[in-house]
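Thanks, everyone. Let's walk through one fold, element by element. Please look at the screen.

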Amino acid sequence: MSEKTEYVFYFDESQKTDVFQIRDGKPTFDTLDDLHSFVGVFCGYPIDKVEQFRESVESFEMIWKTKYNLKPDQEFKSTNIRKNNFEYGFASLKGNNRKFYNDLMSLITELNPIISISFSNKFEILLRETIKNLRIGQERENDFFYTLAKFFSLYGHNGFFDKVRKYPEEALFDVAERLKRMIKRDAGIPRLEHRNAAFGDVVRIIEQVTFDITPVDYSNYPFIVLPDALVLLLDEIGMSPFDVDVVIDGEEGLYSCFDGRFRKVTYADSKDEPLIRISDHLAGLISRMCYALRNDPNRCEPEPNASREEKNRLRLLSPKWFDVKEDTFTLYRQAYVALVQNNQHYWTTMTTAFSDDLSYFITLLMYFESIENYEDYLKRTPAEHSRMFENFSVHCTKNIPERPDDPTKILAKYEN
């Protein structure tokens with residue numbers, strides 16, 4: 001990358017939550033249709049190629065607006081393709097939808113933007129605002145919030161945040177008792193051994209560590225993770241945030257946390273800026289795929305009173321995810337090139353501790369890329385691919401690269 005090349009990054013998001021509120025005993029983001037995570041995507045382009053790239057995106061859109069019966073002046077957004085089209089990932093895409101994403105991935109590969117993904121679990125953020133001053137070390141604290149956020153996301157929070165307003169100490173005691181009951185009930189189930197050990201560590205922290213717990217009735221979402229994500233990536237690739245421009249979808253002042261973090265920050269309407277729409281399509285795609293992976297019926301955790309056999313059953317993706325034709329196989333590999341192969345820096349993705357959904361999606365792209373060609377793919381049944389993918393994902397989890405530097409020290413270099 002030339003040192004003289006100047007970049008501008010365009011930002012859009014999915015699953016946006018401006019504020020948390022506790023209503024009827026639960027956070028307002030806790031709905032059946034919510035991913036429980038916020039997805040923000042930056043795409044960076046050389047400033048001297050922005051006009052050329054805008055024309056490429058507009059030409060691409062004009063072709064697809066006709067196919068989707070959109071008017072020439074109508075904005076083409078990710079929401080034009082509904083979430084239910086992704087029930088089993090790309091395998092569920094039909095007709096124009098599949099062809100559209102094939103063409104979109106080809107376009108993104110051609111533009112080859114620098115991509116930064118910020119993925120934040122809302123339960124974790126809210127828990128961190130509720131429970132503070134643990135003083136147990138950063139790594140153990142991250143494990144604590146990861147496990148508790150995952151517990152609430154998978155098994156429900158039983159009105160925890162509402163209880164904190166009335167009986168804060170009892171609220172957390174109730175969580176500990178609930179965890180202990182699950183540990184006792186599921187003791188000896190091999191698949192749940194690691195989960196039970198993590199639950200046990202959370203119980204010990206609750207019962208043995210002194211901390212502050214305060215109710216959160218209404219809270220602004222801490223979007224500070226968004227500029228942090230881009231700053232860390234820029235530092236890794238040898239660029240200063242003070243040398244790049246950022247353009248954000250929305251009205252001026254929407255994300256005040258960006259102020260002073262970059263050379264110039266401006267706001268624009270996605271209807272008027274084609275390159276914001278590329279970020280929108282990527283954020284929407286990531287959100288839909290993560291939602292589908294999380295809600296696949298084969299992966300959902302069983303009810304607490306389910307049989308031991310059912311609890312010990314491996315939670316494998318439905319074989320329907322792997323019942324794909326050649327163009328869908330190609331689409332997964334195209335998505336791998338655009339999102340992974342061309343963006344392999346450690347800080348390409350910045351997540352809060354509970355980031356399983358995004359990691360699982362990226363691993364799925366890597367699995368399809370690991371197979372030489374479609375002819376080899378057809379040598380296995382969809383059910384066999386489902387099991388092979390699970391083994392592949394476990395291998396990837398065990399081989400996550402070490403974090404290159406302490407992020408707090410990197411960010412401190414660029415503080416005003």
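Start with helix α3, which lies across β2, β3 and β8. It runs at about 80° to β2. Lying across here rests on contact, meaning heavy atoms within 4.5 Å. Angles run from 0 to 180 degrees between N-to-C directions, and axes are lines fitted to C-alpha atoms, for helices over the stretch in contact. Helices (H or I, at least four residues) and strands (E, at least two) are DSSP runs, numbered from the N terminus.

A word on the source. This is a predicted model, where local features need pLDDT of at least 70, side-chain atom pairs count only at pLDDT 80 or more, and totals for chains, interfaces and linings use all residues. Residues are numbered from 1 along each chain as its sequence is written, and side-chain values use heavy atoms, with hydrogens and water left out.

Now the strands under α3. β3, β2 and β8 form an open sheet of three strands, in the order β3-β2-β8, with antiparallel pairing. Two strands pair if DSSP finds at least two bridges between them. β3 (26-27) and β8 (218-220) stand at the edges with a single partner strand each, so one side of each has no neighbour in the sheet. Strand β2, residues 19-23, is joined to β8 by three bridges. One pair to find: Phe20 has Ser219 as its bridge partner in β8.

Back to α3, residues 122-130. What is the angle between α3 and α4? About 125°, with the axes 9 Å apart; α4 covers residues 138-155. The two helices are therefore oblique to each other. On the scale used, under 35 degrees is roughly parallel, over 145 roughly antiparallel, 65 to 115 roughly perpendicular, and the rest oblique. The crossing of α3 past α4 is right-handed; that is, the near helix is turned clockwise from the far one by less than a right angle, and anticlockwise would be left-handed.

Who touches whom? From α3 come Phe123, Glu124, Leu127 and Arg128. They meet α4 residues including Phe145, Leu148, Ala149 and Phe152. By class, this contact has six nonpolar, two polar and three charged residues. Nonpolar means Ala, Val, Leu, Ile, Met, Phe, Trp, Tyr, Cys and Pro; charged means Asp, Glu, Lys and Arg; the others, Gly among them, are polar.

Leu148 and Phe152 come up again. With Phe151 and Tyr155 of α4, they meet Val175, Arg178, Leu179 and Met182 in α6. That contact divides into seven nonpolar, no polar and one charged. α6 spans residues 168-185 and packs on α4 at about 75°, axes 13 Å apart. α4 and α6 are therefore roughly perpendicular.

Next, the six-stranded sheet. It is open, the order is β10-β9-β1-β4-β5-β11, and the pairing is mixed. β10 (264-268) and β11 (349-351) are the edges, each with a single partner strand, so one side of each is left without a neighbour in the sheet. Neighbouring strands are turned by 20° against each other on average, direction ignored. Inside the sheet, β4 (37-46) and β5 (114-121) run antiparallel, joined by eight bridges. Val39 has its bridge partner in β5 at Phe119.

Another helix pair: α9 and α12. α12 is residues 356-370; the angle is about 100°, the axes 9 Å apart. That makes α9 roughly perpendicular to α12. Ile286, Met289 and Leu293 are among the α9 residues in the contact, and Tyr360, Phe361 and Leu364 among those of α12. The split is eight nonpolar, no polar and two charged.

Last, salt bridges. The count is 28, taking a side-chain nitrogen of Lys or Arg within 4 Å of a carboxyl oxygen of Asp or Glu. One joins Glu273 and Arg54, at 2.8 Å, N to O. Glu273 sits in the loop between β10 and α9, Arg54 in helix α1, and the two are 219 residues apart.
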